[in-house]
Amino acid sequence: MQQLEKLLSHPKSRKVGIILALLSTIVPWPIAGVHKFYLGQPVWGVIYLLLWNTPIPSIACAIDAVWYFVQGEEQFNAQFNNIESDPHTVYRKQIEPLQVNVISQGLRELDKLREEGLVSDYEFEQKRRNLLDKIN
């Protein structure tokens, strides 16, 4: 179990992900989805393996390979390694106080909808996080 945790926490290489996805596309053996296991998405890996004798995983692996190639290193790291890009290269726009007031008003209205039962707790939490992410 510790080996699995160590493997999942190890930083993932974009090049290895692309190579594994391409191999899954080309090789006729049932290895479709190996790249998903490598990238820490075991549920998708199992789905790909269950469908190995259909053309669906091969097509999906080809699409994944192209996607990993096109998306760039920063986006790949953010998605699979939970590494944000260098703060010195990302310039965030300062949020004006008016925007903060609008977001806080939206949070109040959202809370009111939750109290009235028009929005579930799960929906409330998702919307709340989306609004708060706009501040951060």
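**Exercise 1.** Work out how R129 and E125 are joined, and how far along helix α8 they are separated.

*Solution.*
Step 1: R129 and E125 form a salt bridge, with their closest N and O atoms 3.0 Å apart. A salt bridge here is a side-chain nitrogen of Lys or Arg within 4 Å of a carboxyl oxygen of Asp or Glu.
Step 2: The two residues are four apart in helix α8, so about one helical turn separates them. Helices are DSSP runs of H or I with at least four residues, numbered from the N terminus.
Step 3: R129 is exposed, with a relative accessible area of 51%, while E125 is partly exposed at 25%. Buried means under 20% relative accessible area, exposed over 50%, and partly exposed in between (1.4 Å probe, protein chains only).

A word on the model: it is predicted, so local features need pLDDT of at least 70 and side-chain atom pairs pLDDT 80 or more, while totals for chains, interfaces and linings use all residues. Residues are numbered from 1 along each chain as its sequence is written, and side-chain values use heavy atoms, leaving out hydrogens and water.

**Exercise 2.** Find how E125 and R128 meet, and where they lie.

*Solution.*
Step 1: Their side chains meet in a salt bridge at 2.4 Å, N to O.
Step 2: Both lie in helix α8 (residues 121-135), three residues apart.
Step 3: R128 is partly exposed at 26% relative accessibility.

**Exercise 3.** Locate the partners E73 and R14.

*Solution.*
Step 1: E73 forms a salt bridge with R14, the closest N and O atoms lying 3.4 Å apart.
Step 2: This pair links distant parts of the chain, E73 in helix α6 (residues 73-81) and R14 in helix α2 (residues 14-26), 59 residues apart.
Step 3: R14 is buried at 16%, whereas E73 is partly exposed at 37%.
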